[in-house]
Amino acid sequence: MCGIIGYCGPKPAAGLLLEGLKRLEYRGYDSAGICVQAEGGGPLSLYKRKGKIRELIPLVPEELAGSCGIGHTRWATHGEVTDQNAHPHLDCSGRIAVAHNGIIENYLSLREKLASEGHRFASETDSEVIAHLIEKYYSGDLMEAVRRALALLKGTYGIVCLHRDHPDRLVGARQGSPLVVGIGHGESFLASDVTAIIGHTKQVVYLEDGELVCLTPEELRTTDLKDQEIQKKVEPVSWELEQIEKGGFAHFMEKEIFEQPESIKRAMGGRIDLEQATAHLGGLNMSNRDLLNVERVRIVAAGTSWHAGLVGMYLLESIARIPCTVEIASELRYRNPVVERNTLHFVVSQSGETIDSLYAMRELQRKGATVLGICNVVGSTIPRESNGGVYIHSGPEIAVASTKAFTSQITVFYLFSLLLGRMRDLSADAGSAFIRDLASIPAKVEAILAGSRGIRELARRYCHYQHFLFLGRGINYPVAMEGALKLKEISYIHAEGYSASELKHGPIALIGEETPCLFLVPDDGLRDKLLSNIKEVKARRGRVIAVCAQGDNEVRGIADDVIEVPRVHETFNPFLMVVPLQLLAYYAALELGRDVDQPRNLAKSVTVE
Ligand code: F6R
């Protein structure tokens, strides 16, 4: 989704801004721009255009002077993808420039009023009204003008702006769209995401909703919307620059798939207690008594994180014997949900910024719920506002399609189910066996990755089909949905994930030579049922790829193609079922020449509704 970068300091700003924008590319965007203050208060230099940053770079003169500026990657919401609609936007006088993430819901009425007062608009965007409002209220104090402009806005924003009369300062503000300040030596940064700035500083200040910041190279001043000073904490960032680079892989998605043996280990790291055969999850902020009082769990998330939550539901019910429901955040949020006593809520979000999940969390908290986060990005909004939670420690996930976050999110659910299970029905022996199986997963994932060539070959043969069905049962049903999501989002092949048992209730009408079915058939209690489902498909001349346990000759005998994975206790199959599906999607997209890391229309962190 849209990205913001701002810089003020001693260095030429243009190069830093373009580099920052490149680091934000992964979020998804369709146009980009920068605006730089000329040295000594000359006119603002504005360069913006639709398309990729590589198309913007040639427009920016190499010698462009000016050491304070702002940049933006736009993901269109209001107004088409055009050069004019790209950010930054200027006021009428060309003295103020603004870049905005989010949506201004009342922009039409504001725009009409401003136009009637003589303001001239150059774009169709909602964002441009902010520049004109600041112009209207400016009388020498930029921060004050911004504050007065913000008071009129309804909606969400992360903004950064500059004024030609203040060549060494930036003003930023946040409401529902993240912003982080980077503090360097004699230089300051403002960004929507730490990845844009970690090449320059590891010291950051996270802004909260309702806060404004004024930055100069030497200092920052933070206030609320009523101009009350706020003392902010400077926090370290643990991510390293190498983690946000491809490190020899062709794509971030490939790198992240191959990182999974390590990222799964990191999600478990320091959280397993061999002696007590249980798990410790310190960030939950819950005593054993609190945990014993939990009668139900509700998991809320979107997309891939929702699929991870569904796996969590199977685990919590089967291992911890706790009733559990899983809901799509955007649906829950507008449904006036009932919060029952002794129900523990989890919000699962890789980015920690997904607006649907964040607002669902706030709604639940407003109703008195205890909400824990399962997140990856340290310092992001959901973990900061939740009542506690667990970081998955996957490291930066840059590819738009989520892979390693999924396996780490489910790792946390395995640990949490073990913890609750050991407080209830699970014996110490069963707990120890559970830990042994979980600890064996990274090596088994490694073995699947070592066989990726076979999956690549399969992707080559199947990537020209227009439609796919992914079918699984039990705990692997959400994995089938996840496999279908991966394939559709990066290869654009239409794919649906179903419970194989649902086939006969409708989707079987689609079966034929043109719609291959990918079945997840591990060696578990539902295998025989799945074999029958495969036969139903074969009887209708459907092609079948099966992901099955090593040496399962019966599956091999009836499927057209198989991907074998190591054997494991059936509870743990989701790890081993999902990795081949990630690889299949990746290689299919590669075969079809798709933009794997930045698929069309998609954004990494969905910060608008
Ligand atoms: C799919 C994908 C999305 C996200 C969803 C939620 O590959 O990445 O479906 O899972 O937008 O994002 P987070 O987990 O950041 O809340």
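This report looks at the ligand site of the structure and then at two spots in its backbone. The model is a predicted one.

**The ligand and its surroundings**

Start with the ligand. It is surrounded by 14 residues. The closest are Ser305, Ser349, Ser351, Thr354 and Glu489. What kinds of residues form the shell around the ligand? Four are nonpolar, eight are polar and two are charged.

Where in the chain do these residues come from? Domain 2 (246-449) gives at least three residues to the shell, and domain 3 (451-594) also gives at least three.

**Polar contacts**

Now look at oxygen atoms of the ligand. Three pairs with protein atoms are listed here.

| Residue | Protein atom | Distance to an oxygen atom of the ligand |
|---|---|---|
| Ser305 | polar side-chain atom | 2.5 Å |
| Thr354 | N or O atom in the side chain | 2.5 Å |
| Ser402 | polar backbone atom | 2.9 Å |

Ser305 and Thr354 each use a side-chain atom. Ser402 instead uses its backbone. Each pair counts as a polar contact because its N or O atoms lie within 3.5 Å.

How much of the ligand does the protein cover? On its own, the ligand has 400 Å² of accessible area, and the protein covers 90% of that.

**The pocket**

The ligand also marks a feature of the protein itself. The space that it takes is the largest pocket. Which elements give two or more residues to the shell around the ligand? They are α9 (303-318) and α16 (477-491). Find both helices in the structure, then look for the ligand beside them.

**Two backbone details**

Next, follow the backbone to two loops. One lies between β4 (68-74) and β5 (89-90), and it holds Pro88. The peptide bond from His87 to Pro88 is cis. Its omega is near -5°.

The other loop runs between β13 (220-224) and β14 (235-236), and Asp227 has its place there. What is the sign of phi at Asp227, positive or negative? Phi is positive, near 70°, in a residue other than glycine.

Key:
Residues are numbered from 1 along each chain as its sequence is written. This is a predicted model: local features need pLDDT of at least 70, side-chain atom pairs count only at pLDDT 80 or more; totals for chains, interfaces and linings use all residues. Side-chain values use heavy atoms; hydrogens and water are left out. A residue is near a molecule or strand if one of its heavy atoms lies within 4 Å of it. A polar contact is a pair of N or O atoms within 3.5 Å; within protein, one must be able to donate a hydrogen and the other to accept it, and residues adjacent in sequence count only if both atoms are side-chain atoms. Accessible areas come from the Shrake-Rupley method with a 1.4 Å probe; for residues, only the protein chains shown count as cover. On a 1 Å grid over the protein atoms alone, a cavity is a set of points where a 1.4 Å probe fits but cannot get out, and a pocket is an open set with protein on both sides within 12 Å along at least five of seven lines; lining residues have an atom within 4 Å of a point. A molecule sits in a cavity or pocket if more than half of its atoms lie within 2 Å of its grid points. Helices (H or I, at least four residues) and strands (E, at least two) are DSSP runs, numbered from the N terminus. Ala, Val, Leu, Ile, Met, Phe, Trp, Tyr, Cys and Pro count as nonpolar, Asp, Glu, Lys and Arg as charged, and the others, Gly among them, as polar. Domain bounds come from an automatic or database domain assignment.
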